[in-house]
Amino acid sequence: MRHQFYKLTVLFALEMLAIVLIFQIFSSVECRLTEIETACRALRSATIRILCVGIGLGLFIWFRPHLRRRLISAADTADSEARRWWAVHLIGLGLIFVPWLRADPASLNADFQAHLTTLLAGAVLATTGALFLLVPRRQMFGLLREGGAGLALVVLVAALIPDLADALAPFWWAFRGLILATFYGVAVVLAALGFHVVLTPEVATIGTEDFFVEMAGTCSGIEGFALTTGFFVIYSVLMRDTLRLGRFWLIVFPLALLVSWVFNVLRIAALIAIGARISPELAVNGFHSFAGWLFFTLLALGVIWVVQSRPSLHRASVVAPRSEPRTAFRHDTNAALIAPFIVFMLSGLLVQSLWQSPALGYPLQVALMAVALWLFRKPLLAFDRRLDPIALLAGVAVGVGWLLTFRGGPAPAGLSDLTGAALAGWVLCRILGTTLLVPVIEEAFFREYLLRLLNGPAPWQRALAVVVTSLSFALLHGRVVEAGLAGLIFAWIAMRKGRLSDAVAAHAVANGIIALTALITGDWSLI
């Protein structure tokens with residue numbers, strides 16, 4: 001149970017990422033196309049506020065070691081109430097995903113009003129459950145008192161960051177030179193990439209080939225300015241005793257705003273290039289989704305990390321407070337179970353963005369997955385590698401069952417264009433990734449990390465852990481029923497002798513049978 005707080009934080013961050021990806025990439029909701037545009041925008045704003053408050057609280061806890069130690073201790077010694085809050089959180093999470101599971105992407109906008117109550121109820125329940133899992137209810141007021149006025153200030157500033165973006169918007173348009181600099185900066189970047197750029201300055205329209213966009217105020221980088229300012233305020237308050245505030249605000253802050261502006265120019269140019277050459281829908285979602293907020297958040301945190309590592313910006317000789325010994329990230333067991341899965345998921349989004357036929361980008365996914373596993377090889381190889389023969393039989397059963405229930409499907413788009421060495425290389429990467437890399441990554445996350453995280457001594461806890469992990473595993477695959485049954489079998493194998501190696505072996509055997517069949521028949525729609 002040690003460091004349960006960190007595990008829960010990572011899990012909830014992954015849940016937030018999944019929600020954003022599902023509703024903004026895979027089934028985009030456009031508020032102006034709904035019947036309740038104001039309520040839709042309020043819900044989107046609430047999600048952004050939760051993101052900002054979460055990051056703000058993370059900064060507060062990180063730079064308050066005594067409070068961090070107490071939070072870790074509180075989470076590690078959570079009482080039986082945690083069971084109830086897990087139920088509340090998971091019910092809420094289920095309600096959030098109900099509209100996506102029940103409605104096709106095209107109908108989400110039209111029927112959004114009917115889904116609003118479900119989404120709001122799910123958000124409240126999921127957030128409440130997560131809060132009391134991180135901070136047990138009986139210790140909540142004591143921790144709030146220890147945080148003091150600084151905690152309230154951080155929450156207030158972080159929650160108002162979206163409003164700061166709205167407040168800054170008129171000033172951006174007032175300084176006409178800035179919007180023109182962004183407009184022509186995007187044109188310069190596109191021209192440097194070899195695009196023929198078409199500009200209409202009168203209506204702030206820019207584009208290339210058959211894809212054009214009108215640069216509204218939201219494209220100006222206001223979010224980056226607001227996030228940088230808000231997080232810099234939080235950081236300067238937390239580190240006011242050691243930070244050289246003059247240098248920080250007079251030198252670092254203007255440079256950070258400049259970096260944010262340059263990043264925004266590159267972001268817009270990249271989205272226009274994607275819209276012209278790859279996917280107009282993906283580009284439009286990039287302009288109107290949380291993608292900008294997520295990227296600008298990472299940028300602001302990166303600048304803070306650089307500031308924290310520069311002794312010249314601090315009065316104290318030790319600039320990175322560490323109150324306890326820390327294991328190197330590459331050698332951390334939990335990181336080894338989680339990080340390769342994140343790389344696996346993000347690599348899938350990457351190939352969908354860069355390839356018109358995403359299946360052709362699978363070799364890049366294989367390369368990224370292999371690098372991730374290599375980096376974390378030491379903690380992964382430290383697991384018990386003995387093998388239960390029952391695991392092999394279970395893998396055979398899953399593989400055969402998958403083939404027998406297969407109803408046919410389209411071949412991967414673009415595969416027919418590959419010939420000779422290119423086709424052989426793709427086939428080799430597909431088999432390698434499917435039979436060796438994916439089983440390790442998925443089983444490490446679902447059956448070793450997530451299953452153990454949710455598991456408990458009571459039978460209902462074990463059953464709930466198996467169901468939740470199997471359902472999550474099923475949603476990741478196209479055939480939900482078959483993948484769910486496979487997840488149940490892999491979970492049983494993993495729990496049978498408590499070994500990750502057994503689940504990996506079962507998964508690898510199942511995928512190997514399917515891949516061999518695909519190789520023999522030439523039907524790559526099987527995998």
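**Entry 1: the chain as a whole**

I began with burial, and found that buried residues make up 47% of the 527 residues in the chain. I keep in mind throughout that this is a predicted model. For the surface, I noted an accessible area of about 25500 Å², with 69% of that area belonging to carbon and sulfur atoms. Turning to secondary structure, I listed 21 helices and 3 strands for the chain. I also looked up how far apart in sequence the contacting residues are: of the contacts with a separation of 6 or more, 76% are between residues 24 or more positions apart.

**Entry 2: the sheet**

I then went to the strands, which form an open sheet of 3 strands in the order β1-β2-β3, with antiparallel pairing. Strands β1 (197-200) and β3 (211-214) stand at the edges, and because each has a single partner strand, one side of each is left without a neighbour in the sheet. From one strand to the next, the twist averages 15°.

I followed the pairing strand by strand. β1 and β2 are paired in the antiparallel sense over 4 bridges, and within that pairing I found V198 opposite G207 in β2. The hairpin of β1 and β2 has 4 residues between the strands, and there A204 takes a positive phi near 50°.

Strand β2 (residues 205-208) also pairs with β3 in the antiparallel sense, over 4 bridges. Here I206 stands opposite V213 in β3, while T208 has F211 in β3 as its bridge partner. The hairpin of β2 and β3 has 2 residues between the strands, and E209 in the turn shows a positive phi of about 55°.

What packs on the sheet, and which strands does it touch? I found helix α11 (residues 245-277) there, touching β2 and β3, with its direction at about 145° to that of β3. When I sorted the residues of β3 by face, F211 and V213 fell on the covered face, and F212 and E214 on the uncovered one.

**Entry 3: aromatic pairs**

I next searched for ring pairs, of which the structure holds 18. I took F63 and Y235 as one case: their ring centres are 5.6 Å apart and their planes stand at 65°, and since an angle over 60 degrees counts as edge-to-face, the pair is edge-to-face. F63 lies in the loop between α2 (37-62) and α3 (65-76), and Y235 in helix α10 (residues 222-238), so that the pair links parts of the chain 172 residues apart. Both F63 and Y235 are buried.

Stacked or edge-to-face, I asked of F341 and F445? Their ring centres are 4.1 Å apart and their planes lie at 0°, so I entered the pair as stacked. This pair, too, links distant parts of the chain, with F341 in helix α14 (residues 333-354) and F445 in helix α18 (residues 420-454), 104 residues apart. F341 and F445 are both buried, and they belong to one aromatic cluster together with F344, F446, Y449, F473 and F490.

**Entry 4: charges over rings**

I looked at arginines placed over aromatic faces and noted two cases. The charged end of R447 sits over the ring of F473, 4.5 Å from its centre, and F473 is a member of the aromatic cluster I had just listed. R430 lies over the face of Y362, at 4.3 Å from the ring centre.

**Entry 5: two single residues**

I looked up T333, which is found in helix α14, the helix that also holds F341. T333 has 37% relative accessibility, and therefore I entered it as partly exposed. Leaving aside neighbours within four places in sequence, I found T333 in contact with P379 and F383. I also noted that the C-alpha atoms of T333 and L380 are separated by 7.3 Å, although these residues are 47 apart along the chain.

Where is R138 found? I placed R138 in the loop between α6 (112-134) and α7 (140-159). With 59% relative accessibility, R138 counts as exposed, because the class begins over 50%. The C-alpha atoms of R138 and A74 are 9.7 Å from each other, with their positions 64 residues apart along the chain.

Definitions and conventions: Residues numbered from 1 in each chain as written. Predicted model: local features only at pLDDT ≥ 70, side-chain atom pairs only at ≥ 80, totals over all residues. Heavy atoms only, no water. Buried < 20%, exposed > 50% of the residue type's maximum accessible area, 1.4 Å probe, protein only. Contact = heavy atoms within 4.5 Å. Areas by Shrake-Rupley, 256 points an atom, 1.4 Å probe, with all protein chains shown as cover. Pairing = 2+ DSSP bridges. Axes fitted to C-alpha atoms, helices over the stretch in contact; angles between N-to-C directions. Phe/Tyr/Trp six-rings, centres within 6.5 Å; stacked < 30°, edge-to-face > 60°. Lys NZ or Arg CZ within 6 Å of the ring centre and 35° of its normal.
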